[in-house]
Amino acid sequence: MRTRPPKQPRTHRPGRWGRRVKIALALVLIALIGWGVYLDQNLNRVAALPADGTAESSGTNWLIVGSDSRADLSAEDEERLGTGDAAGQRTDTIMLLHSGSSGSVLVSLPRDSYVPIPGHGSNKLNAAYAFGGAPLLISSVEAATGLHIDHYAEIGFGGFVDAVDAVGGVDLCVPKAIKDPKAALDIKAGCQELDGQTALGYVRTRATAGSDFDRVQRQREFLSALIAKATSVGTLVNPFRVVPLADAMTGLLTVDDNDHIWNVAQLGLAMRGVTNGGIATTAPVGSTPTIGGQSVVRWDKTRAGALFGSLQKDQTPAQSSLGP
């Protein structure tokens, strides 16, 4: 009886698994690049940076604007979110984000700041946007601060809600309960998770003792918390969160026509720097007089000069120069 020769152990060709891994990594890299190109092409863009800007400064400066446009909201959304149906577009929030060798500094510029607006005399800062859109607003900020604005980001109502919901809500500690029917807000004091609708009401309401000054502080805190959550490992490794978040961000943001998705990533890193040891403050306030029948905010010239002078040189501002 013929016996079969013993089977020889199967040998693996050297490098086979190495090649498979390399192919898999290449496919993942191609997919990520393709996704990045898709997101970049879907960013909303506008010619924001003025062509005649002359301000010069070190470091990188973003102007972050919260727009109260209702253009993308249905009548049902306006009622649910408590935004009202005001026509047109105004700047509900204005922030300046500086990053560089001195770290990240986020400065809220009160929308009622009384500053020179090129070609329109002196007026509230948010009037610059109404008069001439993003370019005139940026020119006004550059004239008032002496800082060169390198990038622009505008955030709209609808995209804001989608972005918050995409990361599964944002955790914040609310110091006092706030009830404001105008902002569709009824929130209790304490640490809690805010969904998109509640978050929008929280950053919009002025129904607290400090009114606009309280609001700009809440806006800074919330934006920092949102960016921290969006760039956390738990979000970035979860495709069920990072994909809808990225899609929401392309609807949330309007950037300058020279900005790209990698600039948005740099914005996220700079905002994360504010959370991780950076500075968050308000332009120093000197007085709140009534001019032309309107209550306005005048900056403290000495402290504001020191604050923006430090940022112009990419230096850490002194504690005494911080607002309000």
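In the predicted model, strand β2 (residues 60–67) is joined to strand β3 (residues 91–100) by eight bridges, and the two strands run antiparallel. Within this pairing, I64 of β2 has M95 of β3 standing opposite. Strand β2 is also paired with strand β7 (residues 151–155), through five bridges, and here the strands run parallel. Two residue pairs illustrate the contact between β2 and β7: W62 has H151 as its bridge partner, and V65 has E154 as its partner in β7. Strand β2 thus has bridges both to β3 and to β7. Seven of its eight residues are buried, so β2 is largely enclosed by the rest of the structure.

Strand β7 also has bridges to strand β12 (residues 253–256), three in number, and these two strands run antiparallel. At this junction I155 of β7 is matched with L253, its bridge partner in β12. Strand β7 therefore can be described by its burial as well as by its pairing: five of its five residues are buried, so the strand is largely enclosed by the rest of the structure. In a regular strand, side chains alternate between the two faces of the sheet. In β7 both faces are covered, with H151, A153 and I155 buried on one side and Y152 and E154 buried on the other. Some of these buried residues also take part in the pairings described above, among them H151 as the partner of W62, E154 as the partner of V65 and I155 as the partner of L253.

Attention now turns to charged side chains. Side chains of opposite charge can pair when their charged atoms come close. The structure holds two salt bridges. One of them is formed by the side chains of D112 and K124, with a distance of 3.5 Å from N to O. D112 lies in the loop between β4 (103–108) and β5 (114–116), whereas K124 belongs to strand β6 (residues 122–124), so the pair ties together parts that are twelve residues apart in sequence. Because residues under 20% relative accessible area are classed as buried, D112 is assigned to this class at 14%, and K124 is likewise counted as buried at 15%.

The other salt bridge brings together the side chains of D300 and R303, at 3.4 Å from N to O. D300 has a relative accessible area of 23% and is partly exposed. R303 also counts as partly exposed, at 23% relative accessibility.

Charged residues also gather in patches on the surface. A patch of positive charge consists of R16, R19, R20 and K22. Of these residues, K22 is found in helix α1, which spans residues 16–41. K22 has a relative accessible area of 62% and is exposed, since the exposed class begins over 50%. A negative surface patch is formed by D162, D165, D171, E193 and D195. One of its members, D162, is found in helix α4 (residues 157–166). At 46% relative accessibility, D162 counts as partly exposed, because this value falls between the limits of 20% for buried and 50% for exposed residues.

How values were computed
Residues numbered from 1 in each chain as written. Predicted model: local features only at pLDDT ≥ 70, side-chain atom pairs only at ≥ 80, totals over all residues. Heavy atoms only, no water. Patch = residues over 30% accessible without salt bridge, like charges linked within 9 Å, V, L, I, M, F, W, Y side chains within 5 Å. Areas by Shrake-Rupley, 256 points an atom, 1.4 Å probe, with all protein chains shown as cover. Salt bridge = Lys/Arg side-chain N within 4 Å of Asp/Glu carboxyl O. Lys, Arg positive; Asp, Glu negative; His and termini not counted. Charge placed at Lys NZ, Arg CZ, Asp CG, Glu CD. Helix = DSSP H or I, 4+ residues; strand = E, 2+ residues; numbered from the N terminus. Buried < 20%, exposed > 50% of the residue type's maximum accessible area, 1.4 Å probe, protein only. Pairing = 2+ DSSP bridges.
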